Amino acid sequence: MKIGIDFGTSNSAAAAVVDGRVVPIQFGQAEQFRTTVYFPEVMRDPNDFELTPALEHELARLIDAAARDARAAGQERAHDALRREALRVVRRQWMEEQMRAPLTSTKLLQNAVYGDEALEAYFEENEGNLVQSPKSMLGYNLHPRARQTITGIATHILEHIRLTASRQLDRPVRTATLGRPVQFRSSIGAAGNDQALEILHSAAIAAGFDDVDFLEEPAAAAMHYHAESAEEHEAIVVDIGGGTTDVAHARVGGQHAPKIHRAWGIARGGTDIDLALSLGAYMPLFGRGVSRVPAHHYVEAAMVQDMTRQRDFRQHSYRDAEAPWGKRLQALQDTGNTARLYREVEQCKIALSSAVAHESALDFIERGMAVQVERARLEAAAGNYLAELTTLLEQVRADIGHDPAAVFLTGGMSRAGYLQDAVAAAFPGATLIRGNPSFGVVHGLAWAAAS
């Protein structure tokens, strides 16, 4: 049985075609789940390193060996320098052992919690490891250990999807078509796309799939739109997700198979608006712009998808920061609080798409603490992304040279009225069709898998 999988930045979903119709895979009571996983087992932090008697013995052995090597080479090296080098070796070996242990543990998968339940479990347990939006890291320059960790996390998520689908469909699920953006988020240029696909392929095989193939997400959305269109026509498909924005030019509808002419994409989406909204509306309550705390600390706190930046934020000391910012930042460093704040930011963004103001209670930071956010703040936060979206759509319009008959809009962020307006303005001669924001891509992936 082959299924389609939308491994998303914010949410993930799967579906299959059974007896000529798309059957969504149910995750609990929902047809998608937040791309978040909580591992109750605690993976060691580098700051947890301490010299045990056994490590002290290994340290002494390394120092003696290095001293002998230096004397044999006719050199005399200071003991402190030898000890620093040996300590780095011992600490690195210790970390490698800590990284290997949880990744090879079957308990890690058995006890993992996914989606919104992962957030709640993390908040309740107040320990363990919470990973949000691992897809956003796939194209970044990763240390080999970090790549191993990200691959392991993607494996757990894909195995969760495969096993859930197998139970629901009552047959083994061994193959899949995975959606992919035109451009992954990347810090290494075009090589990031290749790396991301390699990680996803390795993770899928480790998750129990015998074979997987990939389809660009706007092409998948075009296949979904094609299945619902009786008349053949030309269309632009715009998929606005959490981490990426993708566009396809296609011939869809009627009796013939859909034809994808071209695809475009940028590695920007709803999470960029989240970050800007957090920095502009929430982080001033922690001293951003008014305290002596470096500006990059607030970026680290707000980027919950980036495990390295989250770790860096937790390592800062705010004992000497002026009141009230110091205590608030210390509270934000407590386990789970950056995730709680990010959830408030997400809810605010969604609310302001239809409301003129939204209030967030931040009692988990300080009793009675709250922030009132006006819609104008969301519009300012969305400004940079809207400019990039407009530039992308202008490029698409220039490349095809005319307005298509229709523009099909899908993706989680397509619910936002201000983004719908921007897409409509880019193709004034086309009919704007609002597709299913959450399931347009995964339904198309299911059709692709079936074909």
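Here is a short chat about a sheet, a pair of helices and one loop residue in this predicted model.

Trainee: Let's start with the sheet. In what order do the 5 strands of the open sheet run?

Mentor: The pairing in this sheet is mixed. Strands of a sheet pair through backbone hydrogen bonds, either parallel or antiparallel. From one strand to the next, the twist averages 20 degrees. Reading across the open sheet, the order is β12-β11-β10-β15-β16.

Trainee: And which are the edge strands?

Mentor: Look for strands that pair on one side only. The order puts β12 at one end and β16 at the other. So the edge strands, each pairing on one side only, are β12 and β16 (431-434).

Trainee: Over how many bridges do β11 and β12 pair?

Mentor: β11 covers residues 245-252 and β12 covers residues 259-266, and they pair in the antiparallel sense. You can pick out partners by eye: A248 stands opposite A263, and D246 has G265 as its bridge partner. The count for this strand pair is 7 bridges.

Trainee: Which residue takes a positive phi in the hairpin of β11 and β12?

Mentor: Go to the hairpin, which has 6 residues between the strands. One residue there has a phi near 85 degrees, and that is G253.

Trainee: Something lies across the sheet too. At about what angle does α15 run to β16?

Mentor: Helix α15 takes in residues 417-426. The strands it lies across are β10 (233-240), β15 (406-410) and β16. Relative to β16, α15 runs at about 150 degrees.

Trainee: Now the helices α9 and α10: are they parallel, perpendicular or oblique?

Mentor: The axes of α9 (residues 295-302) and α10 (residues 307-315) come within 8 Å and cross at roughly 125 degrees. Roughly perpendicular stops at 115 and roughly antiparallel begins over 145. That crossing angle therefore makes α9 and α10 oblique.

Trainee: What classes of residue are in the contact of α9 with α10?

Mentor: α9 passes α10 in a left-handed crossing. On the α9 side you'll find H297, V299, E300 and A301, which meet R309, Q310, D312 and F313 in α10. By class, that contact has 3 nonpolar, 2 polar and 3 charged residues.

Trainee: Last one: is S354 buried or exposed?

Mentor: S354 is in the loop between α12 (337-352) and β13 (357-361). The C-alpha atoms of S354 and R415 are separated by 10.0 Å, although these residues are 61 apart along the chain. The cut-off for exposed is over 50%. At 65% relative accessibility, S354 therefore counts as exposed.

Definitions and conventions
Residues are numbered from 1 along each chain as its sequence is written. This is a predicted model: local features need pLDDT of at least 70, side-chain atom pairs count only at pLDDT 80 or more; totals for chains, interfaces and linings use all residues. Side-chain values use heavy atoms; hydrogens and water are left out. Helices (H or I, at least four residues) and strands (E, at least two) are DSSP runs, numbered from the N terminus. Buried means under 20% relative accessible area, exposed over 50%, partly exposed in between (1.4 Å probe, protein chains only). Axes are lines fitted to C-alpha atoms, for helices over the stretch in contact, and angles run from 0 to 180 degrees between N-to-C directions. Angles under 35 degrees count as roughly parallel, over 145 as roughly antiparallel, 65 to 115 as roughly perpendicular and the rest as oblique. A crossing is left-handed if the near helix is turned anticlockwise from the far one by less than a right angle, and right-handed if clockwise. Contact means heavy atoms within 4.5 Å. Ala, Val, Leu, Ile, Met, Phe, Trp, Tyr, Cys and Pro count as nonpolar, Asp, Glu, Lys and Arg as charged, and the others, Gly among them, as polar. Two strands pair if DSSP finds at least two bridges between them.
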